[in-house]
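Work through these short exercises with the structure open beside you. Try each task before you read its solution.

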Amino acid sequence: MSDLRVRFAPSPTGYLHIGGARTALFNYLLAQQQSGTFVLRIEDTDVARSTQESVDAILDAMDWLGLTCDEGPFYQSDRSELYKEKIEQLLAEGKAYRCYCTQEELDAKREAALASGGKPKYDGTCRTRTDQPEQPYVVRFRLPNDEGVTHFNDRIKGGISIRHQELDDLILQRSDGTPTYNLVVVIDDAEMGINLVVRGDDHINNTPRQILLYEALGYQVPEFAHVPMILGADKKRLSKRHGATSVMAYQAMGYLPEALVNYLVRLGWSYGDEEIFSMGELIEKFSLNNVGKSAGVFNPEKLLWLNAHYIKTGDASRLAALLTEFLEAKGIVPSEGPDLVAVVESLRERASTLVEMADGAAFYFSDELAYDEKAHNKFLTEGHRALLSGICEQLRECSGFDEADLEAAFAKVMERFSLKFGKVAQPLRVALTGGTASPSIYDVLKVLGKERSLYRIERALTVLV
């Protein structure tokens with residue numbers, strides 16, 4: 001074990017966004033690679049918006065992606081006494097103070113500051129106040145050294161310096177007694193021994209404030225690495241208008257977790273020209289040194305391409321197990337059809353998602369086909385009766401039903417009717433599947449088997465037009 005300790009700390013106010021999933025993935029890879037510790041912490045201090053349903057959705061998404069934590073999940077709601085203790089410590093040491101300014105007064109101060117060309121920050125009215133009137137108050141951090149500078153070396157962005165003049169006296173505790181994000185995240189990271197904070201660069205403005213809090217509380221300041229945001233094609237922050245942003249929405253759309261993991265890691269990280277990575281390869285090769293500074297643009301087509309790759313190359317038995325859920329959602333009972341592994345093998349070259357595969361597989365599970373009208377009128381006509389009857393005869397005579405047997409049977413049919421393969425296969429395809437698009441005719445026949453194939457051809461002969 002190394003001494004590296006990283007964390008993922010989502011707020012349970014909704015689903016796990018793919019941006020959050022990428023942050024979790026980066027932390028997980030670093031911990032795995034360096035034999036460090038990956039901590040999961042649920043930041044549920046926003047009581048009004050945090051729900052157990054959201055907690056479950058986040059945990060389910062991480063489990064689906066394979067991002068197992070070494071410690072946790074921990075919940076901020078279980079640590080409220082610790083936060084109160086630290087606020088009292090800061091007050092006692094003169095590093096924080098009570099602020100009694102009303103919202104109306106604060107609004108007026110901001111407007112006055114803006115009108116005079118200044119920054120709309122708190123002016124420190126209550127900094128030197130010693131009385132404690134019986135009225136609501138917040139606790140503010142006393143910014144040390146107004147003329148100072150806080151500097152940190154970001155592992156991705158490089159050196160960053162912020163003048164304290166840009167900051168103000170941060171609220172640490174709201175008037176209802178609840179602590180604020182910037183305080184609790186510092187306490188939690190420090191008390192949990194987190195020594196590298198990897199998070200989205202939307203937090204980068206919080207970092208200098210948090211560094212000052214680390215120092216005020218006597219904690220060791222960790223390293224920071226702020227990963228770039230994920231944008232839509234219009235270069236705006238990724239949101240629902242760009243399509244699905246929930247991890248589990250992609251599961252529902254028939255994506256494989258390894259495809260999403262592979263895609264997310266490549267949004268901002270590169271390793272030469274390589275595009276395809278297993279989890280093991282990512283653990284071996286991932287480095288913050290190769291994370292870019294600019295935002296990544298989400299490309300649904302690239303994700304779909306990756307998913308198709310993993311469907312084509314994945315274990316067919318596993319895919320069959322995953323496909324079951326999607327077939328059942330269509331009202332299909334997989335156990336009543338042909339071998340599901342064989343179904344997957346026949347469709348995997350044509351499907352980009354498990355939803356597409358389930359749609360393409362539907363014909364395998366009902367011998368009472370609903371024929372596509374156009375295909376029916378073109379290929380299931382009285383003019384095709386002799387051909388279909390001849391195919392039926394040859395298939396019935398097959399002692400086996402593997403590819404060699406089928407090729408021999410088709411050769412006899414083509415010779416007998418003086419037709420090329422396509423002219424033979426297409427009417428048969430409509431008879432077997434109900435339409436003109438399907439896996440190869442040999443694959444369809446093998447998956448259906450001799451008995452079901454003959455039944456479907458004989459049924460087609462009864463509905464010729």
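The exercises below deal with salt bridges, burial and a charged patch.

This is a predicted model, in which local features need pLDDT of at least 70, side-chain atom pairs count only at pLDDT 80 or more, and totals for chains, interfaces and linings use all residues. Residues are numbered from 1 along each chain as its sequence is written, and side-chain values use heavy atoms, with hydrogens and water left out.

**Exercise 1. Find the salt-bridge partners of Arg-41 in helix 5.**

Step 1. Recall the rule: a salt bridge is a side-chain nitrogen of Lys or Arg within 4 Å of a carboxyl oxygen of Asp or Glu. Side chains of opposite charge can pair when their charged atoms come close.

Step 2. Check Asp-188. Its closest N and O atoms with Arg-41 are 3.5 Å apart, a salt bridge. Arg-41 is in strand 2 (residues 37-42) and Asp-188 in helix 5, 147 residues apart. Helices (H or I, at least four residues) and strands (E, at least two) are DSSP runs, numbered from the N terminus.

Step 3. Check Asp-189. Arg-41 meets this side chain in a salt bridge too, at 2.9 Å, N to O. This pair is 148 residues apart.

**Exercise 2. Are Arg-41 and Asp-188 buried or exposed?**

Step 1. Set the limits: buried means under 20% relative accessible area, exposed over 50%, partly exposed in between (1.4 Å probe, protein chains only).

Step 2. Apply them. Arg-41 has a relative accessible area of 0%, so it is buried. Asp-188 also has 0%, so it is buried.

**Exercise 3. Compare the two ends of the salt bridge between Glu-191 and Lys-86.**

Step 1. Take the distance. The closest N and O atoms are 3.9 Å apart.

Step 2. Place the ends. Glu-191 lies in helix 5 and Lys-86 in helix 3 (residues 80-92), so the pair ties together parts 105 residues apart in sequence.

Step 3. Judge the cover. Glu-191 is partly exposed because its relative accessibility is 40%. Lys-86 is buried because its value is 10%.

**Exercise 4. Which residue of helix 6 touches Asn-182?**

Step 1. Locate Asn-182. It sits in helix 5 (residues 181-191). Its relative accessible area is 11%, so it is buried.

Step 2. Follow its side chain. It makes a polar contact with the side chain of Gln-210, at 2.8 Å. (A polar contact is a pair of N or O atoms within 3.5 Å; within protein, one must be able to donate a hydrogen and the other to accept it, and residues adjacent in sequence count only if both atoms are side-chain atoms.)

Step 3. Look at the partner. Gln-210 is one of the buried residues of helix 6.
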